[in-house]
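User: Please take a close look at one part of this model. Explain where it sits, and then place it in the wider structure.

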Amino acid sequence: MNFLEKMWLSNVKNKECSVELCCILVIGVSFLMELFFCDFHICRYLNLLENILFAIILIIPFNFIKNKRYSNFYFAFTFFFFNLFLLIETCYYYIFKVNLSPSAIYIFFETNNVEVKEFLTFYIDSYLIGYVLLILLIFLVIFSIGNKSVQYFNLERFGSRKLVSVFLFIVIVLKVTPLKHQNLPFLILKSFYSVYYESEVTELGVYKDETGIFKSAKTNNFRKNKLFFVIIGESTTSNNMSLYGYNRDTNPLLGKQESLEVYKDVVSPHAGTTASITKALSLDNYEGSSAKGSIMQLLNAVNYDSYWVSNQQPVGFAETEITKLIYACKNKIYLNTEGTEEFNQYDEVIFKEIDEIIDDKSNRNKVVFVHLQGTHFYYENKYPKTFNIFNDKPNSQIAKEETEYKTINAYDNAVRYNDFVVNSIIEKIKSINTESFVLYFSDHGEEVYHTIKFAGHNDDVGTLPMFQIPFLLWQSEVFKNNNNINIDLERPYMTDDLFHSIADLCQINDSIVNLEKSIFSAEFKNRKRIILNNQDYDSILSTKINRN
């Protein structure tokens with residue numbers, strides 16, 4: 001018997017602790033938290049029913065465990081996780097006003113330590129703290145009642161067969177009805193199943209080969225010393241950029257940048273980083289491409305030197321989709337590693353690496369992908385003090401409280417700093433006067449009190465600003481003279497087809513490259529832009545405009 005078992009037995013010996021009352025207590029407290037402090041929805045009654053049925057499933061096995069020590073240990077194990085599941089469910093619903101989903105769980109598991117700290121600081125308030133402390137108190141009281149024995153509702157009089165029948169019946173009910181979507185253990189298993197078994201993106205073999213399926217890719221542009229940049233922003237919505245008509249001057253530098261093309265109607269396919277970038281940089285899209293390959297492999301096939309310069313922490317330790325997607329990239333540079341978690345590192349840290357790439361005199365053609373921290377929350381950590389420009393009351397119909405004003409101000413300051421970073425990269429490229437372009441887009445947008453009382457991004461919440469992103473193209477004079485790019489700034493576009501647009505900009509020909517999907521091609525054709533589980537973005541936008 002180990003130390004934990006001895007400690008547990010010493011606490012439960014000779015007294016009583018009712019399993020049913022313990023479960024009812026935590027279920028009741030969680031339900032009342034949602035009822036009084038959340039925008040309550042009918043789905044929470046389904047969640048209440050699921051919690052009760054799940055508790056019964058956990059209680060029934062007590063009737064088959066005759067050994068007291070094992071019975072006590074089973075109670076300790078199940079009650080701890082039952083509390084934890086209820087806590088997570090209720091906290092998530094309180095913060096986001098929606099149910100947990102497999103995608104939300106997967107995003108949580110791939111989030112690094114810094115993002116967890118920022119998340120906790122950003123969303124926790126006094127009500128949430130009070131609820132967590134109350135659940136913790138209940139848990140500690142039950143486990144410190146002292147020298148009590150676990151008791152449960154004795155169902156033996158129903159007989160073993162009937163108990164097993166009830167157990168199986170409830171399991172079947174949870175499986176075949178919508179109640180399963182309320183069950184956290186089920187959602188966790190579904191999340192990992194979807195990622196590791198259903199998602200072809202996670203098949204490392206598809207992206208491990210240097211050139212993948214692009215063995216016959218060619219380019220008609222044989223000139224040397226080309227330098228192309230693709231800058232991937234983070235959580236930046238076009239709604240907060242003065243380039244797109246925002247009432248604050250958040251783009252003082254890019255707004256004056258010559259030869260900058262501002263595309264007006266571009267959206268992301270998701271409101272999360274992994275899914276959006278995966279679709280943007282591969283053949284994977286909502287239309288279900290049967291071919292699998294990454295933009296890195298295509299670039300390798302025509303002898304471009306590819307670079308991935310990131311100010312986000314590497315996620316390779318968890319083998320997430322982005323890491324696998326860029327596996328074939330020839331030069332991967334992560335500037336924000338585990339050693340930097342305890343202090344903030346602004347996006348300008350990438351300048352040194354960019355300077356070194358620019359100064360490289362190898363005369364080889366290069367495509368550099370830059371992944372910024374951008375304007376991801378915690379917003380005020382994403383810019384230095386010199387960019388603390390906006391401190392007055394913002395013009396918002398949704399935000400009404402001082403904390404909300406501060407959030408908007410911090411976000412706008414982050415957007416203004418992002419303007420400085422992107423513009424600085426363009427200026428560095430301009431100085432060398434070579435054949436080059438800089439393409440900037442954000443992985444997804446952000447809701448910052450535009451349409452609802454909320455700041456952040458979440459596919460389950462799904463407001464339009466979470467998908468509306470900036471999309472900018474700068475071309476050098478040499479690039480303009482040597483390439484015929486078709487410019488139509490009003491084209492409706494979604495970045496799940498970006499693979500084809502980047503290939504078009506780089507003048508790469510392959511049977512799989514489809515110019516009808518390139519926003520820069522005269523052959524471009526409009527298509528449905530699908531977001532939020534098969535909803536038509538343009539229909540949603542049209543409905544919203546008509547209502548206003």
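Analyst: **A strand and its surroundings**

Strand β7 runs parallel to strand β9 (residues 366-371), and six bridges join the two. Helices (H or I, at least four residues) and strands (E, at least two) are DSSP runs, numbered from the N terminus; two strands pair if DSSP finds at least two bridges between them. The model is a predicted one, in which local features need pLDDT of at least 70 and side-chain atom pairs count only at pLDDT 80 or more, while totals for chains, interfaces and linings use all residues. Residues are numbered from 1 along each chain as its sequence is written, and side-chain values use heavy atoms, with hydrogens and water left out.

At one point of this pairing, Asp 305 of β7 stands opposite Lys 366 in β9. On the other pairing, β7 (residues 305-310) meets β8 in the parallel sense over four bridges. There, Asn 331 of β8 is the bridge partner of Tyr 307. Strands of a sheet pair through backbone hydrogen bonds, either parallel or antiparallel.

Six of the six residues of β7 are buried (under 20% relative accessible area; exposed is over 50%, partly exposed in between; 1.4 Å probe, protein chains only), so the strand is largely enclosed by the rest of the structure. In a regular strand the side chains alternate between the two faces of the sheet. In β7, Asp 305, Tyr 307 and Val 309 point one way, whereas Ser 306, Trp 308 and Ser 310 point the other way. Residues on both sides of β7 are buried.

The strand belongs to an open sheet of seven strands with mixed pairing, in the order β5-β13-β10-β4-β9-β7-β8. At its edges stand β5 (260-262) and β8 (331-334); each has a single partner strand, so one side of each is left without a neighbour in the sheet. On average, neighbouring strands of this sheet are turned by 15° against each other, direction ignored; the axes are lines fitted to C-alpha atoms, for helices over the stretch in contact, and angles run from 0 to 180 degrees between N-to-C directions.

From β9, the chain leads into a loop between β9 and α15, where Phe 377 has its place. Phe 377 counts as buried because its relative accessibility is 7%. The C-alpha atom of Phe 377 is separated by 8.8 Å from that of Ala 455, although the two residues are 78 apart along the chain.

Helix α15 (residues 402-430) also takes part in a link between distant parts of the chain. The side chains of Asp 355 and Lys 428 meet in a salt bridge at 2.9 Å, N to O (a side-chain nitrogen of Lys or Arg within 4 Å of a carboxyl oxygen of Asp or Glu). Asp 355 lies in helix α14 (residues 350-359) and Lys 428 in α15, 73 residues apart. With 29% relative accessibility, Asp 355 is partly exposed.

The structure holds 19 salt bridges. One of them joins the side chains of Arg 491 and Asp 488 at 3.8 Å, N to O. Its two partners are covered to different degrees: Arg 491 is buried at 9% relative accessibility, but Asp 488 is partly exposed at 32%. Another salt bridge brings together the side chains of Lys 525 and Glu 516 at 3.4 Å, N to O; Glu 516, at 33% relative accessibility, is partly exposed. Arg 248, Asp 392 and Asp 412 form one network through salt bridges that share partners.

Helix α11 (residues 273-280) offers a further case of burial. Seven of its eight residues are buried, so this helix is largely enclosed by the rest of the structure. The buried residues of α11 include Ile 277, Lys 279 and Ala 280.

Finally, the whole chain gives the setting. Its secondary structure comes to 18 helices and 17 strands, and buried residues make up 54% of its 548 residues. Among contacts (heavy atoms within 4.5 Å) between residues at least 6 apart in sequence, 81% join residues at least 24 apart. The chain exposes about 25200 Å², of which carbon and sulfur atoms supply 57%; accessible areas come from the Shrake-Rupley method with a 1.4 Å probe, and for residues only the protein chains shown count as cover.
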